[in-house]
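Student: I've got a new model on my screen and I'd like to talk it through. Where do we begin?

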Amino acid sequence: MNRYLLIRQLEVQAANAISSPLTFGFPAITAFAGFSHALQRQFNRRHGDGSLTVHGVGIISHQFTMLDHVDGYNRTLQLTGNPLNKDGGRASFVEEGRCHMTVSLVLPFDGLSGGEADLSRLQDIVFAKMKLAGGDLLKRPKIEFISDDRRSIRRLMPGYALMDRRDLMLESMNNGDDALTALHRHLAVEHRSTTNEDGTTTWTASRHQPGWIVPIATGYAALTPPEKTLNARDPDTPHRFAESVVTLGEFKLVSRIERLADLVWQYQAHDDLYVCNQSPGAFLAPGAVPAKSVPSTPTNR
């Protein structure tokens, strides 16, 4: 597959930054996969020919700002100030972590024979009708056709590509760690002190694996079988409870990427798992942490 759409420098305000019950920060992969699928549906709905098929999404981060307060080692979310209730207190509500970000998206696709006219239609749809991870788009995006070559990769710089690193999870699990311990091992920062000859102390910090390793939410694991549910929005569609699936990723400089195809996240559904990965056929189950592996409240997805 060598045809790609590039959505350049997409500025997003107040996107959802709580990607799972275990993590907050950069939005979940499923938010970007959902954006690409929604773009396909919106385009085909308006033009009625079903000519656009999007096969996945590559994610490049150019700028990210978490809306939180930092006080030493403590971080708290910047939350909305809801109106006072009749007793003069704040009403209880679900915390909504937010972030601002600028990203570029690489979408492998089939169809679109209209050339520049199709690009203009896509720009109108993205700006007028769509959100990304619940965030608002601040300006009309620039969308263009690109090929899988070094010149196209250079057009994505400066930026960091979000890559799948479940291999680190699998390596630790093969050495006897459970999934949650493997996740913590690669995210922990170890501080060590060294006493010098003159009596002073030097502190160093290190991590188990070099690189910008982060936890990422890549999909969902089902908790219950599909069944009809009372008072659901759609009474005809089976309903099930699910929890987020979390694994490891790495933000890697775009200049280190060999092919655009390596960037692309694609979703797969298998039994009780619905996940996104960058290696079709290498399913995520052994190298990920369903949030249900720690005490938490199942969330309806």
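Tutor: Let's start with a definition: buried means under 20% relative accessible area, exposed means over 50%, and partly exposed is in between. Keep in mind that this is a predicted model.

Student: Okay, is L253 buried, exposed or partly exposed?
Tutor: L253 lies in strand 13, residues 242-253. Its relative accessible area is 39%. Since partly exposed covers what falls between under 20% and over 50%, L253 is partly exposed.

Student: Which residues form the nonpolar patch on the surface, and how much accessible area do they have together?
Tutor: L253 turns up again here, as part of a nonpolar patch on the surface. Its partners there are Y160 and W212. Together, Y160, W212 and L253 have an accessible area of about 290 Å².

Student: Strand 3 and strand 6 pair, but in which sense, and over how many bridges?
Tutor: Strand 3 takes in residues 58-66 and strand 6 residues 98-110. One of the bridges links M66 to C99 in strand 6. The two strands pair in the antiparallel sense, over eight bridges.

Student: And in strand 9, what is the bridge partner of I60?
Tutor: Strand 9 spans residues 160-164 and pairs with strand 3 in the antiparallel sense over two bridges. In strand 9, the partner of I60 is A161.

Student: How far does helix 1 reach from its first C-alpha to its last?
Tutor: Helix 1 runs over residues 29-47, which makes 19 residues. Its buried residues include F32, F35 and L39. At 1.5 Å a residue you'd expect 27 Å, and the helix comes close to that, reaching 28 Å.

Definitions and conventions:
Residues numbered from 1 in each chain as written. Predicted model: local features only at pLDDT ≥ 70, side-chain atom pairs only at ≥ 80, totals over all residues. Heavy atoms only, no water. Pairing = 2+ DSSP bridges. Helix = DSSP H or I, 4+ residues; strand = E, 2+ residues; numbered from the N terminus. Expected span 1.5 Å × (residues − 1). Buried < 20%, exposed > 50% of the residue type's maximum accessible area, 1.4 Å probe, protein only. Patch = residues over 30% accessible without salt bridge, like charges linked within 9 Å, V, L, I, M, F, W, Y side chains within 5 Å. Areas by Shrake-Rupley, 256 points an atom, 1.4 Å probe, with all protein chains shown as cover. Salt bridge = Lys/Arg side-chain N within 4 Å of Asp/Glu carboxyl O.
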